Amino acid sequence: MAPGWGGTLLVGLLHSLEIAIGATFLGLLIGTAGAFGKLYGGPVTRDLLAVYTTVVRAVPELVLILLLYYAGTDLINQVLAAMGYSRVDISGLAAGIFVLGFVQGAYSTEVIRGAILAIPQGQIEAARAYGMPPGLMLRRITIPAMLPFAIPGLANLWLIATKDTALLAVVGFFELTLATRQAAGVTKAYLIFYLAAGVLYLAVTLFSNVIISRVEAWSRRGMPSVKEAR
Amino acid sequence: MSEATAINVAARASLWLQPHRIVLILIALALVFCAVFFLRWDWLPQYWQMGLMGIWRALWILAVTCALGFALAVPLGLAQAGGPFWFAVPAKVFCTIIRGTPLLLQLWLLYYGLGSIFPQYPWIRESWMWPYLRQAWPYAVVALTFSFAGYEGEVMRGAFAGVPKGQLEAARAFGMSRWKIFRRIWLPQAFYRALPTLTGETVLQLKSTPLVATISVIDIFAVSSKVRQDTYLTYEPLLLLALIYMTITGILVLIFSRIEARIPVKIG
């Protein structure tokens, strides 16, 4: 194995993780807003959100990434041109986070909506009866009560996000898979580099699983264990 | 009878067609109208045949990999649910590796990685497999099959484990052989349990098929990329592509909901 390329892979991994973390957070924001819109919004909001989640979940991520990547950069540049600024190059990192976050948002909307619906309704009614304003209710009642139901789904989404970053290689963003391809292409040691990248991805997944099970146990504290509840 | 159903349909339609929906549908139609008339579609006559070939190839890959993947998922699930540990551990490791790495990487590992190893061995080059190993599609089929098997194997594990013990004990009490228990009792009930997730997995698999375009298999995604390169159009081919995938997804969901409706509801 040629020396020096290991560092390239690690830089790629770092970029992948940056995008995955950013996209997951953006997805969580969109998802929380989307879930509340779907549950408590007006009829138009609900229908638009239904279109959003259905379309995003029915079209391949690769196609969405291309569409949003071109449409997003085009749109920003046209807005800038209309306001009298010159065109800018959108950084791959920002574009990647935006695109994957938009996709993740559709999935997390459904996860969070399901989790909120799983909260015993009396808890929310009680909060309302005490005259809690919506923001306080969200912070003190809805989010803590929905977490145990939402975390398995959201954890799954995080794992999907880490793997979906690989798709950005097709748009030419330098992340782990593209780094691997370049390293393999130059050194001709294809198998070694692809295996190494696989090990890196797997390590991220396995490490995430350890953290996730901790977080899950924390979010379920004080609740009956899954086996007893059945 | 028919009158009652007609009234029922009309009531449901009026419930669904609320005023704001009509406005939204009109806006959507206006958008479609703009897309049809203001975007360029003059490349369609030249490429539609290629596009149909691409759709056919994507569907063919989808069907083959789902069927093979499911056939592989059954032993994987069975090994994890009730097998001795020297079956269970390799199956678990396989599922973990497949689910823990991106499909794109697996695809490239097989195509570029293994594909670069094979030609070094003369006996492979002289064997009957060589004409196939030189093409891209066998690698695509293998990678997508493994991916489907990995995800569905985990589902099947849960499905096999979820079949009530009493059913299997009753079958054993009737003197059924192990193979017969598996064929008549265990597998059908596990399959019914796994069916709802099978819809989702198949749609996910459909959404994975465009990845094969990255290893030079000409599916519908590759056709749209070619159109984009040839005509320098960005949005038109991609929008049409998204529409095609949405249509296929809709048809898949419809077919599966038909199948699901035929299955007895209350299980276990």
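Colleague: How many helices and how many strands are there in chain B?

Modeller: Chain B of this predicted model has 12 helices and 0 strands. Read from the N terminus, its elements run α-α-α-α-α-α-α-α-α-α-α-α.

Colleague: Why is chain B called more spread out than a compact globule?

Modeller: Set its radius of gyration against the rule: chain B comes to 24 Å, whereas the globule rule gives 18 Å for 268 residues, so the chain is well over that value and counts as more spread out than a compact globule. The C-alpha trace of chain B spans about 70 × 70 × 30 Å along its principal axes.

Colleague: Into which domains is chain B divided, then?

Modeller: There are domain 1 (1-38) and domain 2 (48-261). The C-alpha centres of these two domains of chain B lie 37 Å apart.

Colleague: And what confidence does the predictor give chain B?

Modeller: The average pLDDT of chain B is 88, and 96% of its residues score at least 70. For the complex, the predictor reports an ipTM of 0.85 and a pTM of 0.86.

Colleague: On to the contact between the chains. How many residues does each chain bring to it?

Modeller: Chain B brings 29 residues and chain A brings 31. On the chain B side, α2 (19-38), α4 (85-100), α5 (103-117) and α12 (235-261) each supply at least two residues. The most comes from α5(B), with 9 residues.

Colleague: What is the make-up, by class, of the side of chain B that touches chain A?

Modeller: That side of chain B has 18 nonpolar, 9 polar and 2 charged residues.

Colleague: Which residues touch the most other members of the largest nonpolar core?

Modeller: They are Ile65(A), Tyr194(A), Leu104(B) and Met156(B), in a core of 105 residues. Helix α8 (residues 137-162) of chain B gives the most to this core, with 12 residues.

Colleague: What does Met156(B) touch, leaving aside residues up to four places away in sequence?

Modeller: Met156(B) touches Ala73(B), Val74(B), Leu76(B), Gly77(B), Ala190(B) and Ala194(B). The cut-off behind each of these contacts is C-beta atoms within 7 Å.

Colleague: Now chain A. What elements does chain A have?

Modeller: Chain A has 10 helices and 0 strands. From the N terminus, the run is α-α-α-α-α-α-α-α-α-α. The C-alpha trace of chain A spans about 65 × 55 × 30 Å along its principal axes.

Colleague: Why is helix α5 of chain A said to lie largely in the open?

Modeller: To be buried, a residue needs 20 or more other C-beta atoms within 10 Å of its own. Of the 9 residues of α5(A) (residues 121-129), the number buried is 0, so this helix lies largely in the open. After α5(A) comes Gly131(A), with a positive phi near 80°.

Colleague: What share of each chain does count as buried?

Modeller: In chain A, 36% of the 230 residues count as buried. In chain B, buried residues make up 31% of the 268.

Colleague: Last one: what share of the contacts in each chain joins residues at least 24 apart?

Modeller: For chain A, take the contacts between residues at least 6 apart in sequence: 79% of them join residues at least 24 apart. For chain B, residues 24 or more positions apart account for 78% of the contacts with a separation of 6 or more.

Definitions and conventions:
Residues numbered from 1 in each chain as written. Chains lettered and ligands numbered in written order. Predicted model: local features only at pLDDT ≥ 70, side-chain atom pairs only at ≥ 80, totals over all residues. pLDDT = per-residue confidence, 0-100. Core = buried A, V, L, I, M, F, W, Y, C linked by C-beta atoms within 7 Å. Buried ≥ 20, exposed ≤ 12 C-beta atoms within 10 Å, placed from the backbone. Helix = DSSP H or I, 4+ residues; strand = E, 2+ residues; numbered from the N terminus. Contact = placed C-beta atoms within 7 Å. Nonpolar A, V, L, I, M, F, W, Y, C, P; charged D, E, K, R; others polar. Domains from an automatic or database assignment. Rg over C-alpha atoms; globule rule 2.2 N^0.38 Å.
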